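Reader: I am new to this structure and would like to know what stands behind the words used for it. Please set each value against its definition.

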Amino acid sequence: MLPYKSLIQVDRTAAVTLYIQVCNSFISLITSGTLQPSDLLPSSRVLAELIGINRNTVKLAYEELISQGWAESIERKGVFVLSKLPVRSKRGLPEMGKNSSPQEAFIWTNNFKNAIPGKNLQKTTLAIDDGFPDVRLAPVDLLMREYRSLSRRFHGKNILKYGSSKGSEHLRVAICNYLSNTRGLIVSAENILITKGSQMGIYLAAQLLLNPADYIAVGISNYGLADDTFRYSGANLLRIPVDSKGMDIDYLEEILQHKKIKAVYIIPHHHFPTAVTMSTERRLKLLNLAKEYRFAIIEDDYDFDFHYDNKPYLPLASIDHNQNVIYIGSISKTFAPALRIGFMTGPSAFVEAAASLRELIDKQGDTLLEEAFSVMFNDGEMERHFRKSLKIYKQRRNLFCQILKSDFNEVIKFRVPEGGLAVWANFDKKIDLIKMAEDASKKGLHIANGNFYKNESFSTNALRMGFASLQENEMAEAFAILKKIV
């Protein structure tokens, strides 16, 4: 007889009833081949004694097995595994204390073996992050109030049915007005696609623009997930230097004279990771080159709204008169990262194709959430949130940089960023950032180790240090921990 005492374990605290637990255990033994068709099951009395449950519970489990077609009862002989079931190859019982590494059940292509797992900041209490908004400032209660109101008002009506893959029309209209008022970008609602954050926009653009072996120009320092997205499409990355004025467009021009490229990916405001802003001169020259050499510009403007010392430059998309620019933005970065709302604009045919592609991976977004955001835009709540956040983040930036200058001047070099939510901090070469991050974690502080910013052409002992999500007392606590370590 099989060692049922060890094979069938029951959990009296589980929500699943005991007889169903026993039934499911037998199904697992049958489907794994441990029990074969026509095998005799132990009597209800014997099994009840072996696993320490009531005999009637075992009888209920057997009745359930029979009703589901896994077993049959033969009068005066007992309960058997159903004889009509197909024979399964018998799998050996696991040996105690030995780790099994089964062979893959099917052949597939894993392009993500070396991928760095995304950070789970939901489990951290104190963090110097990459530069994220303070979710405590976001008027989430107002957003959820609108969400609940919409769900009650339109329950059973058309708003809860499938809609446009471009997203809520009301939100697209609201974003049109928002882009016009803040960036001088005039687009129609039909030319906007709502995405799940800017990352989806990058993916859609890459899939439509790039074929295997195509070239795309990116910064020597660049957003790592964008690099990975372009590589996944099969494209080759052409690294362009980035200095204090942004991407070096003169260098790009030299490359264009002997290399055909399909696109340029650029973050002109608060470049990731170095936080520099591209000069007007370079913006205009890039647009001229795009027109001359007929390549697309993917403009990732993920945190345009946060500019402190002067008015931000207009996005490339706002001064593009040849429709070379695919403009990608994010509301998640200005509101709360978990609420995945972004947008993409571009030539009409391109946006239509992007909407069709989006249907293949995500039929549509969360219509109610998008509708709720549209109400927040139309009521002025989003504008009030941006103004309030901007004032608070500027104060936090100033305090953060003041502490860096006074307490870390010998080991950290940085420039005060004119916008964005993070400082690009260059650490003394003597400081091991990986060890620093590990030691900080032991003391309750999450901080990056720098690996995310590195690539085959860019390796520096530096970090993005986000200030926006830290209140004054939290900033003091975080820096106190960091100071002890470095």
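Reader: How much area does the protein chain expose, and what share do carbon and sulfur atoms supply?

Author: The protein chain exposes about 25,400 Å², and carbon and sulfur atoms supply 50% of it. Accessible areas come from the Shrake-Rupley method with a 1.4 Å probe, and for residues only the protein chains shown count as cover. This is a predicted model, in which local features need pLDDT of at least 70, side-chain atom pairs count only at pLDDT 80 or more, and totals for chains, interfaces and linings use all residues. Residues are numbered from 1 along each chain as its sequence is written, and side-chain values use heavy atoms, with hydrogens and water left out.

Reader: Why is Thr 345 called buried?

Author: Buried means under 20% relative accessible area, exposed over 50%, and partly exposed in between (1.4 Å probe, protein chains only). Thr 345 has 3% relative accessibility, so Thr 345 counts as buried. Thr 345 is found in strand β12 (residues 342-345); a strand is a DSSP run of E with at least two residues, a helix a run of H or I with at least four, both numbered from the N terminus. Leaving aside neighbours within four places in sequence, the contacts of Thr 345 (heavy atoms within 4.5 Å) include Leu 179, Val 187, Ile 326 and Tyr 327. Tyr 327 is 18 residues apart from Thr 345 along the chain, yet their C-alpha atoms are separated by 5.1 Å.

Reader: What makes Ser 38 partly exposed and Arg 294 exposed?

Author: Ser 38 has a relative accessible area of 40%, so Ser 38 is partly exposed. Arg 294 has 71% and is therefore exposed. Most residues other than glycine have a negative phi, and most peptide bonds are trans. Ser 38, not a glycine, has a positive phi of about 75°, and Arg 294, also not a glycine, has a positive phi of about 55°. Ser 38 lies in the loop between α2 (18-31) and α3 (44-51), Arg 294 in the loop between α10 and β10.

Reader: Which peptide bond is cis, with omega near 10°?

Author: The bond from Phe 272 to Pro 273 is cis. Pro 273 lies in the loop between β9 and α10 (280-293).

Reader: What makes a space a cavity and not a pocket?

Author: On a 1 Å grid over the protein atoms alone, a cavity is a set of points where a 1.4 Å probe fits but cannot get out, while a pocket is an open set with protein on both sides within 12 Å along at least five of seven lines. Lining residues have an atom within 4 Å of a point. Grid points are joined across faces, edges and corners, and a volume is the space filled by probe spheres set on the points. By this rule there is 1 cavity of 30 Å³ or more. The largest cavity holds about 70 Å³ of space, and its lining includes Gly 219, Tyr 265 and His 271. The second largest pocket holds about 540 Å³ and is lined by 20 residues, with Tyr 178, Thr 182, Asp 305, Glu 383 and Phe 386 nearest its centre.

Reader: How do you know what radius of gyration a compact globule of 486 residues would have?

Author: The globule rule is 2.2 Å times the number of residues to the power 0.38, and the radius is taken over C-alpha atoms. A compact globule of 486 residues would come near 23 Å, but the protein chain has 29 Å. The C-alpha trace spans about 95 × 55 × 50 Å along its principal axes.
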